[in-house]
Amino acid sequence: MKFEGIYTPAVTPLDDSGQIDRKAFAAVLESLIEAGVHGIIVGGSTGEYYAQTSQERFDLASYAKDVLGGRTHLIVGTGATRTEDSVEYAKAAKEIGADAILVSSPPYALPTERENAIHALTVDRAANLPIMLYNYPARMGIMMGEEYFSRVSKSKNVIAIKESSGDMGNLHLLARKFPHISLSCGWDDQALEFFAWGARSWVCAGSNFLPREHVALYEACVIEKNFDKGRAIMAAMLPLMDFLECGKFVQSIKHGCEIIGLRTGSVRAPLRPLNSEEKRTLQTVVSTLKRTVGQITSGANRHA
């Protein structure tokens, strides 16, 4: 499997009682397929996996596989504090026929790089599926670094990494010393830089509700290799990325879905939904972004 294109960490819609809304979830998946994303991740932080029971996570991944029906890649998140739990999520992903798994660092535990590598390789052995690593020290508390990559890259299954440290030095390390681990942008406002350094995929939560605009940036930089066009699209997207980092990330992604007509419901505790002013601001940001990117991709701003 090659990770190329836009991979959407899908939101998990909830009904009025706070339970997972399967019909609305299927609608989210169908909208992403229709928009031409290249893969869907279930069980990521955007999907609120941390607020779900193990059974809910098993059921949601299995249901996603049924809905997708092989029309696009399914990647299943295995994030958990206990290695034993991550192993069970990996085994379940294998059982339902997922295309790959997402392997992160165990949050809160603060393992050393060696311990973290052993964690990843233990999960790998349980599933024997293609792996996208997920480096997100802001949430997990630790950084995947050179010792970690040296150890885990010995597995043929470790083929990509969602690099979300925000540290450009780690991007350079991966590009120079571990080119066999495909780079995937996991820090949205650095997408242009990732593509310049050879990344061929982008895991972007905003593609839940602006999939075509995210695909447009990928195509400009990776397919067309037109970085002038890419810079223009990126400039139009930066206000959205700034808004998403306001401290209410998942809430913003879910409301973005509501703006385009998808039913997602609220978020699970301890999170709370956006307030009225935040919703209005996001609406304005989305409208401006869609209009501007539409002009760029139609050729109106080809000299921008």
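The following questions and answers walk through a predicted model of one protein chain.

Modeller: Residues are numbered from 1 along each chain as its sequence is written. Because this is a predicted model, local features need pLDDT of at least 70 and side-chain atom pairs count only at pLDDT 80 or more, while totals for chains, interfaces and linings use all residues, and side-chain values use heavy atoms, with hydrogens and water left out.

Colleague: How many helices and strands does the protein chain have?

Modeller: Helices (H or I, at least four residues) and strands (E, at least two) are DSSP runs, numbered from the N terminus. Counted in that way, the protein chain has 12 helices and 8 strands.

Colleague: What is the radius of gyration of the protein chain, and what does the globule rule give for 304 residues?

Modeller: The radius is taken over C-alpha atoms, and the globule rule is 2.2 Å times the number of residues to the power 0.38. The protein chain is as compact as a globular protein of that length, because its radius of gyration is close to the value from the rule: 18 Å for the chain and 19 Å from the globule rule for 304 residues.

Colleague: What percentage of the 304 residues is buried?

Modeller: Buried means under 20% relative accessible area, exposed means over 50%, and partly exposed lies in between, with a 1.4 Å probe and protein chains only. Of the 304 residues in the protein chain, the buried share is 56%.

Colleague: Which residue forms a salt bridge with K254?

Modeller: Side chains of opposite charge can pair when their charged atoms come close. A salt bridge is a side-chain nitrogen of Lys or Arg within 4 Å of a carboxyl oxygen of Asp or Glu, and the structure holds 13 of them. K254 lies in helix α11 (residues 249-259) and its partner in the loop between β2 (39-42) and α2 (54-68), so the pair ties together parts that are 206 residues apart in sequence. Both residues are buried, and the partner of K254, at 2.7 Å from N to O, is E48.

Colleague: What is the phi of E48, which is not a glycine?

Modeller: E48 sits in the loop between β2 and α2, and E48 counts as buried because its relative accessible area is 2%. Although E48 is not a glycine, its phi is positive, at about 65 degrees.

Colleague: Where does L110 lie, and is L110 buried or exposed?

Modeller: L110 also has a positive phi, of about 55 degrees, although L110 is not a glycine. L110 lies in the loop between β4 (100-104) and α4 (113-127), and at 53% relative accessibility L110 counts as exposed.

Colleague: How far apart are the closest N and O atoms of E146 and K177?

Modeller: E146 is in helix α6 (residues 146-152) and K177 in helix α7 (residues 168-177), so that the pair links distant parts of the chain, 31 residues apart. E146 is partly exposed, with a relative accessible area of 37%, and K177 is partly exposed at 44%. In their salt bridge the closest N and O atoms are apart by 3.2 Å.

Colleague: Which residue forms a salt bridge with R151?

Modeller: R151 and its partner both lie in helix α6, 4 residues apart, which is about one turn of the helix. R151 is partly exposed, with a relative accessible area of 34%. The closest N and O atoms are 3.4 Å apart, and the partner of R151 is E147.

Colleague: Which residue is joined to A269 by a cis peptide bond?

Modeller: The omega of this bond is about 15 degrees. The partner lies in the loop between α11 and α12 (276-298), and the residue joined to A269 is P270.
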